Amino acid sequence: MTNATGDGARGGGPLVVVCLRVTDLRPEVDPLTGVVTRSAHGAGLSAADEAALERALAIARAWSGRVLAVAAGSPIVEGPLRAAAALGAAVLRVAWPPHDEADGHGAAPGAASAVNAASAVDPEPFGPRAAYLADLAGDTRALAEVLVDAIRTVGEPTLVLCGDLSPDRGTGALPAQLAHALGAAQALGLVSLTPTDDGWLLAERRLDGGRRERLRVPTPAVCSAEAAGLRLRRAALPALLAAGDAPVPAARPTRPAVGAVEVVDVRAYRPRARVVPPPAGATPRDRLLALTGALVAHDPPTIIGPTDAGQAADALVAYLVRNGYLTA
Amino acid sequence: MADEQAPYAGPGTSPGTAVGDRPADVDVIVVGAGPAGAAAALAAARAGASVVLLERGPFPGSKNVYGGVIYGRILDAVLPNWWEEVPVERWVVRRSTMVLTETQALTVDFRTQTWAGPPYNGMTAYRADFDSWLAGKATAAGARLVTSTVATGLLRDAAGRVVGVRTDRTDGELRARVVIAADGVNSFLAKESGLLPKADPKHHTLGVKEVLSLPREVIDERFGLRGQEGLDIEMLGNTRGIPGGGFLYTNSDTVSIGAVLALPGLAAAKVRPEEIIADLKAHPAIAPYLRGATVKEYAAHLIPEGGYDHMPALATDGLLIAGDAAGMTLAAGIWLEGVNFAIGSGLVAGRVAAEAAAAGDASKKRLARYRDELEKQFVLADHKRLRGAPEIILSERIQRRYPGLVADLVESLFTVTNPEPKPGALALLRRAAKRNGVSLRELARDGLRIGKVFR
Ligand SMILES: Cc1cc2nc3c(=O)[nH]c(=O)nc-3n(C[C@H](O)[C@H](O)[C@H](O)COP(=O)(O)OP(=O)(O)OC[C@H]3O[C@@H](n4cnc5c(N)ncnc54)[C@H](O)[C@@H]3O)c2cc1C
C-alpha cells in the first residue's frame with residue numbers, strides 16, 4: 001500500500017479523514033427494462049459528501065490537523081480525489097471492489113475532477129458491472145474494514161466523516177461499520193458538527209416534530225452528516241493545476257471482499273399471503289374454471305405504444321371502464 | 001517546448017521568461033474546451049507547447065449545444081482511422097431536404113452506402129461524448145484541462161498586449177505567451193480584446209432543439225435504417241414566416257429535432273421558439289416519424305451566421321480567436337457546419353500559437369499567419385466562396401414564398417384534373433408563382449443569384 005500524498009499529509013496534528021463515495025449522480029434508467037447505465041460524465045460526489053469534505057477541512061483547520069480524503073472505487077474516483085487534493089487534503093484511493101483493474105475499466109480520470117477530466121467513452125467506468133452490482137447488494141462491513149486498513153497506513157484518525165447516505169447504495173450503514181472497525185464513537189445522520197475547544201465535537205441531529213437533539217461526541221469518532229448549513233470552498237487555480245498532475249496513490253485491499261452478510265440468492269419480492277374467498281361453483285371443476293378464468297373469451301392483449309403519455313393514459317382508462325373497474 | 005531560451009514554466013516548476021510584467025506560466029492558454037478549443041490545445045501540445053485548456057463546464061461538452069451532425073474528415077488531421085474510436089451515434093447515409101408549407105412537403109431524398117463505411121461523411125454524435133473525446137486527445141498530447149473554471153477577462157501588459165487570463169478562482173490569474181479564445185459564439189474574450197464588435201442580431205440565429213426518445217428499432221423501422229446508419233433531414237418553410245429552417249437527425253435511440261431562426265424575425269413574430277419546434281413536430285410529414293416519442297432534453301443556443309463578410313479580425317497581440325468565437329459556422333442553406341470549421345480553425349490556431357510562443361514573438365504581425373493559413377484551407381476558402389449565401393438564404397422570397405411556390409407547383413403537376421386536360425408545366429409554374437406572390441422575373445433573377453453564390 002502506497003502512502004498518501006498531498007499538502008495535508010505533510011502537516012502534523014490530529015488526522016481528520018473524509019470517506020467519499022464517487023458515483024454517477026445522473027444514471028440513465030431504461031424505462032422499459034429498468035437497466036441502469038452509468039456514465040463517467042455524471043461521476044461525482046453527492047451534496048452530503050461534498051459537505052463532509054468541507055466539514056473535514058474546517059474541523060482540521062480548527063484543530064490544526066490534517067485531512068485525508070479516501071475513496072473506494074475504480075480509477076474514476078481519482079477526479080474527485082484530485083479536487084480534494086486541490087483543497088489541501090491528502091488523498092488515497094482504495095481499489096474496490098477487488099478485481100483486476102488491468103482491463104482498463106474506469107481507467108480515465110473522473111468527470112468531477114477539475115483538471116484533465118476528459119475521457120473516452122468507457123462503457124463501464126465504475127468497473128465491471130457485475131462486480132459493481134454485487135458490491136451494492138453486499139453489506140458494507142468488508143468495505144469498512146478495508147477502508148480502516150487503508151486509513152491506518154496514514155495514521156490513527158481522530159475523526160472520520162461521511163455523508164449521511166451514498167446515492168447508489170443508500171443505506172447509510174458504512175459509517176457505523178467504520179466506527180465498529182475503528183472502535184470509535186459514532187454519531188450519524190447529523191445536521192451540524194462543530195469542534196469545541198476541549199477536543200470534543202458538538203453535533204445536532206433532527207428529531208421528530210421539528211426538534212433537534214444536541215450531542216457531545218468524544219473522539220475518536222465517526223460522524224455522518226447531511227449537506228446542511230455550509231458553504232463549499234473552491235480550490236485556488238495554482239492548487240488545482242498542481243493537483244491535476246499529481247498521481248493518486250492506490251491501496252489494494254489484502255482481505256477478501258466478504259462481509260458479515262453474504263448474499264447467496266436474490267429473490268423476487270413476496271408479499272404476505274392474503275385470504276381470498278373461494279370462487280363460486282357447484283363442482284370443483286367449476287370452481288377451478290372460475291378461479292383460473294380458463295375457457296372464457298378474453299380480450300387479446302393490445303399494444304398501444306409507442307404513444308404519448310396522454311394517449312396511453314386514455315387507453316388505460318378506457319380499458320378499465322370497459323372491464324368494469326371504473327365507471328364511465 | 002521547442003524554444004530553449006523560454007523553458008516551460010508551468011505552476012510548480014521553475015519560473016520562465018518574462019512575458020510583459022511577470023513570467024508566463026504556460027506557453028498557450030486555450031479558453032473553451034469545445035471543438036475549436038480542444039483542437040487548438042491538441043495542436044499546440046503536439047507542437048511542443050505547454051498548454052492549459054480552460055473550460056467553464058464540469059466536463060468538455062457539458063454545456064454545448066448543436067444540431068447533431070459532425071463532418072468528420074477534418075479528424076484525419078487528429079488521428080488516423082479516427083472512426084474506429086470516435087463516440088458516434090449513427091453514420092449518416094441518408095440526407096433529405098424537405099420544403100414545407102403548413103400542409104405540404106416536397107422531399108428530395110438522397111441515400112448512398114458510400115457514406116456507410118470509412119472514411120464516412122457525416123455522423124451524429126452527442127457533444128458531451130464528442131467534446132470529451134476530442135479534449136481527451138488534447139490531454140493525451142500533454143495539454144492540461146481545467147474544468148469548472150470560467151475565464152472572466154484578459155490580462156494585459158503595460159503595452160496593452162494580451163498576456164493571460166483572469167479566472168473565477170482564487171489566485172486565478174494565469175499568464176501565457178499566447179491566449180486562444182475558443183469560448184464560442186458571442187465570445188466575451190474576443191469582445192473584450194476589441195476584435196469582436198458588439199453582437200449584431202442580424203448576423204446571428206437562434207438554434208433550438210429537442211432530443212426525443214424512441215426505441216432504436218422504431219427509429220430503424222421508421223427511417224429505413226439499419227445498424228449504425230443514420231438520417232439527416234433539413235427543412236425549409238413552416239417556421240411561421242420567420243427566416244430559418246428546421247432539422248431532424250437520428251441518434252441511436254433518440255431523435256434531435258429543431259429549428260434555426262433569424263433573431264430579428266423571431267423577435268418581430270413574437271413567437272416562442274419552442275412553438276416553432278411544436279409546429280414542425282406536428283407537421284403531417286414529420287408527426288408520424290415521432291409518434292410516441294418523449295422529450296428528453298431541450299436546448300437553445302446562438303449561431304453566428306454572418307459568414308465571411310462579417311468575420312472579425314482573428315488576431316491581436318497575444319491573442320487568437322477560433323471557432324464560433326470568430327463567427328466561423330458555415331450556415332449556407334443545405335449546409336450547417338460548425339464543428340468541422342471549429343476544429344479546422346482550432347488546429348491552425350494551436351499550431352500558430354505554439355510556433356509564436358517558441359519564437360518568443362506573439363505580436364499581431366506574427367499571429368497574422370493564422371488567417372493566412374486559414375485562407376488557404378477550407379475554413380476561410382469555403383466561407384469566402386459562399387460569402388453571399390447567408391443573405392440569400394435568409395432572404396424574404398426564399399424563406400416565405402418559394403416553399404409555397406415549389407410545393408404548389410409539384411402538387412399541381414401531380415394532381416390529375418380529369419376530365420380537364422393536363423395544363424402545360426409553364427402554365428402551372430406561372431400559376432404557382434402568382435399564387436405565392438413571385439414574378440417570373442424575380443424567379444429568374446434569384447435563380448441567377450443562387451447560381452452565382454453556389455457556383
Ligand atoms: C441548434 C444548433 C445546431 C447546430 N447544428 C450543427 C450541426 O449539425 N453540425 C455542425 O457541425 N455544427 C452545428 N452547429 C454549430 C456548432 O455547434 C458550433 O459551430 C460549434 O459548437 C462551435 O465550436 P466552438 O468550439 O467554437 O464553440 P462551442 O462549441 O460553443 O464551445 C465553446 C466552449 O467554451 C466554453 N466557454 C465559453 N466561455 C467560457 C469562459 N469564459 N471560460 C471557460 N470556458 C468557456 C463553453 O463552455 C464551451 O465548452 C449548431 C449550432 C446550434 C446552436
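Me: I'd like to start with the empty spaces. What is the volume of the second largest cavity?

Reply: The second largest cavity has a volume of about 90 Å³. Keep in mind that this is a predicted model. As for the general idea, empty space shows up when a probe the size of a water molecule is rolled over the atoms.

Me: Which residues line the second largest cavity?

Reply: Among them are Arg21(A), Val22(A), Trp96(A), Phe126(A), Tyr132(A) and Asp135(A). Strand 6 and helix 4 (129-137) of chain A are the elements that give two or more residues to this lining. Sorted by class, the lining has 8 nonpolar, 2 polar and 2 charged residues.

Me: How many cavities of 30 Å³ or more are there, and what is the volume of the largest?

Reply: The count comes to 5 cavities of 30 Å³ or more, and the largest has a volume of about 240 Å³. Its lining is made of 21 residues, and those that lie nearest its centre are Cys19(A), Arg21(A), Ser166(A), Arg169(A) and Leu174(A). Two or more lining residues come from each of strand 1 (15-20), strand 6 (66-73), helix 5 (141-152), strand 8 (157-163) and helix 6 (174-182) of chain A. Strand 6 of chain A gives the largest share, 3 residues. By class, the lining of the largest cavity divides into 12 nonpolar, 5 polar and 4 charged residues.

Me: Let me look at Arg169(A). Is Arg169(A) buried or exposed?

Reply: Arg169(A) counts as buried because its relative accessible area is 16%, and the cut-off for buried is under 20%. You can find Arg169(A) in the loop between strand 8 and helix 6 of chain A. Beyond its neighbours within four places in sequence, Arg169(A) has contacts that include Arg21(A), Asp135(A) and Leu143(A).

Me: Cys19(A) also came up. How many disulfides are there over all chains?

Reply: To read this feature, check the distance between two cysteine sulfurs: a disulfide needs them within 2.5 Å. Here the count is 0 over all chains. The closest cysteine sulfur to that of Cys19(A) is in Cys162(A), at 4.6 Å, so the pair is too far apart for a bond. Both residues are buried: Cys19(A) has a relative accessible area of 6%, and Cys162(A) has one of 4%.

Me: How do the two chains meet? How many residues of chain B are in contact with chain A?

Reply: In chain B, 33 residues are in contact with 23 residues of chain A. Together the chains bury about 2200 Å², 59% of it on carbon and sulfur atoms. Phe59(B), Arg144(B) and Arg169(B) supply 25% of the area that chain B buries against chain A, more than any other three residues.

Me: Last topic, the backbone. What should I expect from phi and from peptide bonds?

Reply: Most residues other than glycine have a negative phi, and most peptide bonds are trans. Chain B gives you some exceptions to look at. The bond from Pro118(B) to Pro119(B) is cis, with omega near 0 degrees, and Pro119(B) sits in the loop between strand 7 (105-111) and strand 8 (122-124) of chain B. The bond from Asn418(B) to Pro419(B) is also cis, with omega near 5 degrees.

Me: And which residue has a positive phi although it is not a glycine?

Reply: One of them is Ser148(B), with a phi of about 50 degrees; Ser148(B) is partly exposed, at 28% relative accessibility. Lys270(B) likewise has a positive phi of about 50 degrees, and Lys270(B) counts as exposed at 75% relative accessibility.

Methods: Residues are numbered from 1 along each chain as its sequence is written. Chains are lettered from A and ligands numbered from 1 in the order in which they are written. This is a predicted model: local features need pLDDT of at least 70, side-chain atom pairs count only at pLDDT 80 or more; totals for chains, interfaces and linings use all residues. Side-chain values use heavy atoms; hydrogens and water are left out. Buried means under 20% relative accessible area, exposed over 50%, partly exposed in between (1.4 Å probe, protein chains only). On a 1 Å grid over the protein atoms alone, a cavity is a set of points where a 1.4 Å probe fits but cannot get out, and a pocket is an open set with protein on both sides within 12 Å along at least five of seven lines; lining residues have an atom within 4 Å of a point. Grid points are joined across faces, edges and corners, and a volume is the space filled by probe spheres set on the points. Helices (H or I, at least four residues) and strands (E, at least two) are DSSP runs, numbered from the N terminus. Ala, Val, Leu, Ile, Met, Phe, Trp, Tyr, Cys and Pro count as nonpolar, Asp, Glu, Lys and Arg as charged, and the others, Gly among them, as polar. Contact means heavy atoms within 4.5 Å. Buried area is the accessible area (1.4 Å probe) that two parts lose on being put together, summed over both.
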